[in-house]
Amino acid sequence: MEQTLPKMLRKVASEFPEVEAQLSRQKNGEFAATTYRELYSTSLDFGAGLLSLGVKRGEPVGLISDNRKEWQQADMGIMAIGALDVPRGCDATVKDLEVILLLTDCKVCITENASQVEKIISISEKLPSLKTLILFDKIPDNVKADAESKKIEVLFFEDILKDGQKYRIENKNAVEDELEKGEWDDLACIIFTSGTTGTPKGVQLTHGNFLTQYDEVPERIMLNPGDRALSVLPVWHAFERSVEYVIMIQAATICYSKPIGSILLADFVKLNPACLPAVPRVFEAIYDGIMRKMRKTGGIVYALFLFFTNVAKIHSRMQRKMFNQNPCITRYYTVAWWFLFIIPWILLWPLKLLGNVLVFRKIKGMLGKNFRAGIAGGGAYPPNIDEFFWSIGVNIVEGYGLTETAPIISVRPIAAPVFGNVGSPIRGIKVRIVSPEDGFVLKRGQFGVIQVKGGTVMKGYYKRPDLTEKVMTVDGWFDTGDLGFMTIHDEIIIKGRKKDTIVLRGGENVEPLPIEMKLSESRYISAAIVVGQDQRYLGALILVSEEDVKNYAAANGIQYDTYENLLQSEDIQRLYDSEINSLINSKNGFKMFERINKFALITKPFEVGVELSAKQEIMRYRLNEIYKEQIESIFSDSRGE
């Protein structure tokens with residue numbers, strides 16, 4: 001295997017020079033292609049341009065931009081000369097940029113547009129090292145003048161490429177020589193975590209951390225040269241970054257889209273991608289859109305949809321048991337399941353085929369002609385969404401990892417997925433489960449903390465050896481902070497995070513994630529956040545699905561003057577009380593102390609940068625601040641007891 005990421009690109013470009021590497025949308029809405037030959041050449045030109053500016057091996061370069069073709073070109077150019085990038089998206093706050101650029105002492109920073117320049121100008125006095133900004137987009141003259149008044153040189157990506165081409169002519173093989181010097185353990189980037197706990201940390205990842213994954217991941221996420229994959233996630237985050245490298249190493253094509261329903265669905269039809277790597281919320285949005293469309297259609301069409309969906313779910317549950325497609329905690333007896341299910345499984349098969357012809361084929365048609373699989377990562381994938389897509393024949397495989405593991409630890413293989421888990425560890429990675437109390441290594445099926453060891457584990461937190469020491473054990477294992485267990489086939493099942501565990505006043509430990517995912521199965525609940533630390537009982541913040549609640553009110557003749565008053569009405573409070581109790585009960589596997597005693601309805605959709613991190617994970621500490629009053633009202637009757 002090649003020793004650095006730019007060397008990997010060089011190899012692919014030499015073998016597949018005219019295969020499309022990137023497809024990016026133009027102003028007229030059409031997509032323009034960049035071949036692997038052009039991607040590699042442009043990356044070297046950009047690297048040469050940085051050399052002409054005095055950027056040296058091992059030097060950090062800021063990269064503040066959302067997904068676009070120039071991001072990957074700049075990224076590869078930075079790494080080709082032995083420098084490393086410090087990435088962040090355009091949603092970064094001024095405070096984020098101050099922390100990132102000051103801590104890493106970036107002299108050069110690449111930014112996408114005028115908005116990012118204005119943020120940086122506002123804190124320029126706090127960034128004494130910063131001397132040069134390189135822009136992907138053109139900016140107004142006054143913004144450029146403001147930057148130059150702060151003694152910051154403003155240059156443009158296209159000009160750097162021209163300077164790089166000139167530099168390569170005058171300094172023959174200079175860039176190629178720097179690329180050749182690159183080694184496995186060289187730093188590739190410093191990725192600052194999105195701060196779901198409020199404390200961003202700079203994760204140092206080497207070329208080897210990324211490349212370790214590509215020994216086996218292409219066997220699980222299979223692509224052919226020229227296959228297309230949609231890119232919709234923030235590329236500065238480790239998940240999207242890594243899957244783009246997975247795409248590149250197989251000479252497939254990165255297609256830049258957006259996680260906006262209308263745009264994404266149009267691009268599915270137009271581009272016919274083979275796969276879509278995305279956070280679970282994207283697949284939830286697709287599912288919600290399908291369900292909402294069916295309910296709106298109503299009548300016999302909706303009735304047939306529900307009937308065939310239920311048939312497909314029942315048939316798939318039988319099939320999973322018969323063909324060992326469920327997680328196994330103990331030895332699995334396939335013969336017994338065949339004896340029990342073979343007749344009903346055969347009888348339901350024609351109905352499932354009919355459902356595919358009448359209903360499911362149309363849904364799958366929305367994903368284009370070549371869709372092979374979605375890859376869900378970066379958060380918990382709800383079981384009901386998993387089962388729906390599995391049942392109708394849309395393959396969505398779930399993966400697991402953290403920024404600190406570059407990030408892939410495991411992923412279900414597309415060719416032979418097992419339901420309800422995140423796959424087994426990839427080659428080069430070891431995983432163990434340890435007791436949260438004493439750190440003893442546990443057996444298969446026992447619940448505990450997930451620890452990882454191997455080639456993907458980070459070099460450490462940048463300038464924070466104290467934080468690195470906290471997550472690394474004396475024998476070299478990285479403590480993920482995630483809770484779960486392993487099956488007898490080494491598949492990992494995630495059950496929550498150690499820091500999210502709620503401890504009730506009676507000493508009961510509660511993992512909120514399974515409860516929240518179950519509550520979100522209700523059509524009336526867009527999201528749920530379980531609260532109750534140090535309280536007698538659990539409560540929940542319920543994000544209301546406005547359209548569905550209003551439809552319920554109309555269908556049941558509920559009169560109201562304002563939306564807020566509707567939510568406070570006895571009818572709607574009773575609706576939510578009923579929904580919560582029907583989902584969180586002993587029949588669904590929940591204990592008495594895991595039930596939701598009281599709830600508060602909230603209406604403001606969660607936003608990235610407010611309640612959500614860049615990869616759309618809930619930032620619980622933020623919710624405790626934003627909804628302090630509502631949370632206090634949930635537990636007002638338990639004070640002083």
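**Figure 1. Pairing of L541 with A600 in the three-stranded sheet of the predicted model.** In this predicted model, L541 stands opposite A600, a residue of strand β25. Strand β24 (residues 538-544) and β25 run parallel and are joined by six bridges. The two strands belong to an open sheet of three strands, ordered β23-β24-β25, in which the pairing is mixed. Its edges are formed by β23 (525-531) and β25 (596-602), each of which pairs on one side only. From one strand to the next, the twist averages 25 degrees. Five of the seven residues of β25 are buried, so this edge strand is largely enclosed by the rest of the structure.

**Figure 2. Helix α18 lying across the three-stranded sheet.** Helix α18 comprises residues 512-519 and lies across β23, β24 and β25. Relative to β23, the helix runs at about 155 degrees. An angle over 145 degrees counts as roughly antiparallel, so α18 and β23 are roughly antiparallel to each other.

**Figure 3. The four-stranded antiparallel sheet.** Which strand order describes this open sheet? The order is β16-β17-β19-β20, and the pairing is antiparallel. Strands β16 and β20 (492-497) are the edge strands, each pairing on one side only. On average, and with direction ignored, neighbouring strands of the sheet are turned by 50 degrees against each other.

**Figure 4. Strand β17 and its two partners.** Strand β17 spans residues 448-454, and five of its seven residues are buried, so the strand is largely enclosed by the rest of the structure. Strand β16 (residues 429-434) pairs with β17 in the antiparallel sense over six bridges. Within this pairing, K430 has K453 of β17 as its bridge partner, and R432 stands opposite Q451 of β17. Strand β19 (residues 478-486) also pairs with β17 in the antiparallel sense, over four bridges. Here the bridge partner of G448 is G484, in β19.

**Figure 5. Surroundings of R10 in helix α1.** R10 is located in helix α1, which covers residues 5-15. The relative accessible area of R10 is 27%. Since buried means under 20% and exposed over 50%, R10 is therefore classed as partly exposed. Leaving aside residues up to four places away in sequence, R10 touches E2, Y40, L179 and E180. With E180, the side chain of R10 makes a polar contact, side chain to side chain, at 2.9 Å. R10 and L39 are 29 residues apart in sequence, and their C-alpha atoms are 9.6 Å apart in space.

**Figure 6. Packing of helix α1 against helix α11.** Two packed helices are described by the angle between their axes and the distance between the axes. The axes of α1 and α11 (residues 238-249) come within 9 Å and cross at roughly 30 degrees. The two helices are therefore roughly parallel to each other, because angles under 35 degrees count as such. On the α1 side the contact is made by L5, M8, L9 and V12, and on the α11 side by Y245, M248 and I249.

**Figure 7. The nonpolar cores and the contacts of L276.** The largest nonpolar core contains 126 residues, of which L5, Y36, F46, L276 and F389 touch the most other members. Helix α2 (residues 36-52) supplies the largest share of this core, eight residues. A second, separate core has 29 residues, among them A528, V530, A553 and L567. For L276, the contacts beyond residues up to four places away in sequence are with L230, V232, L264, F268, V282, F283, F371, A373, G374 and I375.

**Figure 8. S391 in helix α16.** S391 has its place in helix α16, formed by residues 383-392. Is S391 buried or exposed? Its relative accessibility is 1%; because the limit for buried is under 20%, S391 counts as buried. Not counting residues up to four places away in sequence, S391 touches A312, K313, S316 and K352.

Methods:
Residues numbered from 1 in each chain as written. Predicted model: local features only at pLDDT ≥ 70, side-chain atom pairs only at ≥ 80, totals over all residues. Heavy atoms only, no water. Buried < 20%, exposed > 50% of the residue type's maximum accessible area, 1.4 Å probe, protein only. Pairing = 2+ DSSP bridges. Contact = heavy atoms within 4.5 Å. Polar contact = N/O pair within 3.5 Å; in protein donor to acceptor, adjacent residues only side chain to side chain. Axes fitted to C-alpha atoms, helices over the stretch in contact; angles between N-to-C directions. Core = buried A, V, L, I, M, F, W, Y, C linked by side-chain atoms within 4.5 Å. Parallel < 35°, antiparallel > 145°, perpendicular 65-115°, else oblique.
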